[in-house]
Amino acid sequence: LGEPSEQWRRYQGAPTGSDIECKGWRQEAALRMLNNNLDPDVAERPEDLVVYGGTGRAARSWAAYDAILTELRELEDDETLLVQSGKPVGKFTTHERAPRVLIANSNLVGHWDDWKHFHELEAQGKIMYGQMTAGSWAYIGTQGIIQGTYETLAELARQEYESDLRGKLVVTGGLGGMSGAQPLAVTMNHGVCIAAEVKADRIQRRVETDYLMEFADSLDEALERAHDALDAGEPYSVGVQMNAADMLEALLARDEIPDVVTDQTSAHDELEGYYPSGYSVEEADQLREDDPDAYVEASLDTMERHVQAILDLQDRGAVAFEYGNNIRGQVETQRGMTNAFDFPGFVPAYIRPMFCRGRGPFRWAALSGDPADIYRTDEAIRELFPENESLMRWIDLAQEQVSFQGLPSRVCWLGYHTDEDGVTERARFALKINELVAEGEISAPVVVTRDHLDAGSVASPNRETEAMRDGTDAIADWPILNALLNTAAGADIVSVHDGGGVGIGNSLHSNNHVVLDGSDLAADKARAVFTTDPGMGVVRHADAGYEDALDEATQSGVHIPMRAY
Ligand code: NAD
């Protein structure tokens, strides 16, 4: 990686305000978002270029980071920069409506598409793990996932309890970049959460940023406090420093069966993400250095126990689901554990109906750095979608309870659903923001982007496309079409990655950014991108035969060729 860049040390996050270093706001937005990803308040290990999700990086090396900044500063309004696995590799004259940056991260040809080949190439400095939003410069900290986690748990509570999570205990693992959102999402749904995390500093960080209420000294202490809160019907969350597999086994031994069990440790990566039981963090880090094969064995041993404990808790009455870290896939393929998939993934269980309507985690960041700009966008949401009660509730909760990290940002799930003029929800919102920027009500441009985990942008058979109705879980044409379509529609950054969320070879996905600078060009781009992008979600699910998607296509006039019904 080389020594951390001097420029990075100087920036300490995204530059803010309305003066720009680049030749246009589109290039400037890329520069700010890259630095925002590596803000010490946003990224998990910025000195190693790691943003979140195990080893998800924003640039391949510090030299590549410096080179990307130089290129962005020199990039003209009609040029496109190419970034291959976190390194700038070329620049061409294209045209003004084309993307300013095109990114491909971590992709390998099918036969070679596994961690072994990846790690060999990574060690030679030729490839980088981009996770999802790390390598595409769209990560905004734990706030980026919070609404998805909140919506998932709200849907679980509706399905299981016809209510919220009041009086219910949720146990989980992981308090890292994304996983750290879990306790707050539980308490926002009025429930009680105990989370196991091996690293004390991660627990502390979540307490400091108000994602977690307390740090308990032991599991017994955590249980005692959790029971008090459950009895009182109060929301409560507590972190305990221990291995998640050990915690679940300890709960079974005590006959403490939680209402809900899940996990979001970085199990997708058995070498650099997940921690084996029986070692302190320092001992495990040393073992990884000294004997990576032994580390992987120990890590998979623990994962097997971890999955078994989830299955046992499920047998004894807990609602169990996998939270997108591929822990079931890991033990099925690497340990032959045939019943690993006896508990469902969160997408088929709780998210797919939203995907069918093109709904997904839409997010935006105020490039000014001024929180007032985000509060103005909250007002815009309230003005545009007053009939959407859960969205109204979400905006209130987010304002009250979600601290900003790095550039002030907001996430909300918006979809296709057109109005009487045929404008989609996402486009309506983006066009309104663009107007507010043009009128000076928002002080600098706003960049709109999204997670790769979205309706039409990902193929991931153990997660977003698990158990598709027509068996097309592993067909990866869809995310590629999505990226091509985003480019055709004029998004300002477009990326395609392999392996996000669930590990190399297990997924393909894409995302986009559009910079709303108040210009007519930005309005044109926003109208096109925020129609085609959620539209892909409708098309993909309609093609698989989901009634909700076919209904959305009918209601919103999405053209589906060869539609049988
Ligand atoms: P992260 O690496 O920042 O955090 C994971 C945390 O788990 C770390 O703090 C690590 O110390 C801890 N940990 C690892 N093994 C452990 C163990 N055995 N017991 C207790 N703690 C352990 O990663 P993240 O960004 O939080 O993502 C976590 C996982 O969730 C990844 O696999 C990621 O791909 C997946 N993910 C899911 C979603 C989703 O929407 N469901 C979104 C993003 C990420």
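In which helix does Leu-484 lie? The legends below take up this point and others in a predicted model.

**Figure 1. A nonpolar surface patch includes Leu-484.**
Leu-484 lies in helix H17, which runs over residues 477-489. Together with Ile-480 and Leu-481, Leu-484 makes a nonpolar patch on the surface. The patch covers about 270 Å². Leu-484 counts as exposed because its relative accessibility is 54%, and the cut-off for exposed is over 50%.

**Figure 2. One cavity of 30 Å³ or more is found in the whole structure.**
The largest cavity holds about 40 Å³ of space. Its lining is made by Gln-143, Ile-146, Trp-394, Ala-398, Val-402, Ser-409, Arg-410 and Val-411. Three elements give two or more residues each to this lining: helix H5 (143-161), helix H15 (389-401) and strand E13 (409-414). E13 gives the most, with three residues. By class, the lining of the largest cavity has five nonpolar residues, two polar and one charged.

**Figure 3. The second largest pocket has 17 lining residues.**
The volume of this pocket is about 340 Å³. Arg-357, Arg-359, Asn-388, His-417 and Glu-425 are the lining residues nearest its centre. At least two lining residues come from each of H5, helix H13 (346-356) and helix H16 (425-438). Nine residues of the lining of the second largest pocket are charged, five are nonpolar and three are polar.

**Figure 4. Arg-357 and Asp-548 meet in a salt bridge.**
Arg-357 is among the residues nearest the centre of the second largest pocket. The side chains of Arg-357 and Asp-548 meet at 3.7 Å, N to O. Arg-357 sits in the loop between H13 and strand E12 (360-366), and Asp-548 in helix H19 (residues 547-556), so the salt bridge ties together parts that are 191 residues apart in sequence. Arg-357 is partly exposed, at 24% relative accessibility. Asp-548 is also partly exposed, with a relative accessible area of 31%. Elsewhere, Arg-26, Asp-492, Asp-517 and Lys-525 are joined into one network by salt bridges that share partners.

**Figure 5. Glu-297 and Arg-335 form a salt bridge.**
The closest N and O atoms of Glu-297 and Arg-335 are 2.9 Å apart. Glu-297 belongs to helix H11 (residues 292-315) and Arg-335 to helix H12. The pair links distant parts of the chain, 38 residues apart. Glu-297 counts as partly exposed, at 43% relative accessibility. Arg-335 is partly exposed too, at 22%. This bracket of values lies between the cut-offs, as buried means under 20% and exposed over 50%.

**Figure 6. Arg-158 and Glu-155 form a salt bridge in helix H5.**
The N to O distance between the side chains of Arg-158 and Glu-155 is 3.0 Å. Both residues lie in H5, three residues apart, about one turn of the helix. Arg-158 is partly exposed, with a relative accessible area of 45%. In total, the structure holds 44 salt bridges.

**Figure 7. Gln-12 has a positive phi in a residue other than glycine.**
Most residues other than glycine have a negative phi. The phi of Gln-12 is near 50°. Gln-12 lies in the loop between helix H1 (6-11) and helix H2 (25-37). At 44% relative accessibility, Gln-12 counts as partly exposed.

**Figure 8. Asp-255 has a positive phi although it is not a glycine.**
The phi of Asp-255 is about 60°. Asp-255 is found in the loop between helix H9 (244-253) and strand E10 (260-261). Is Asp-255 buried or exposed? Asp-255 is exposed, because its relative accessible area is 52% and exposed means over 50%.

**Figure 9. Asp-342 lies in a loop between two helices.**
The loop runs between helix H12 (327-335) and H13. Asp-342 counts as exposed, at 51% relative accessibility. Asp-342 and Ala-294 are 48 residues apart in sequence. In space, Asp-342 and Ala-294 are 28 Å apart, C-alpha to C-alpha.

Methods
Residues are numbered from 1 along each chain as its sequence is written. This is a predicted model: local features need pLDDT of at least 70, side-chain atom pairs count only at pLDDT 80 or more; totals for chains, interfaces and linings use all residues. Side-chain values use heavy atoms; hydrogens and water are left out. On a 1 Å grid over the protein atoms alone, a cavity is a set of points where a 1.4 Å probe fits but cannot get out, and a pocket is an open set with protein on both sides within 12 Å along at least five of seven lines; lining residues have an atom within 4 Å of a point. Grid points are joined across faces, edges and corners, and a volume is the space filled by probe spheres set on the points. Helices (H or I, at least four residues) and strands (E, at least two) are DSSP runs, numbered from the N terminus. Ala, Val, Leu, Ile, Met, Phe, Trp, Tyr, Cys and Pro count as nonpolar, Asp, Glu, Lys and Arg as charged, and the others, Gly among them, as polar. Patches are made of residues with over 30% relative accessible area and no salt bridge: like charges are joined within 9 Å, nonpolar side chains (Val, Leu, Ile, Met, Phe, Trp, Tyr) within 5 Å. Accessible areas come from the Shrake-Rupley method with a 1.4 Å probe; for residues, only the protein chains shown count as cover. A salt bridge is a side-chain nitrogen of Lys or Arg within 4 Å of a carboxyl oxygen of Asp or Glu. Buried means under 20% relative accessible area, exposed over 50%, partly exposed in between (1.4 Å probe, protein chains only).
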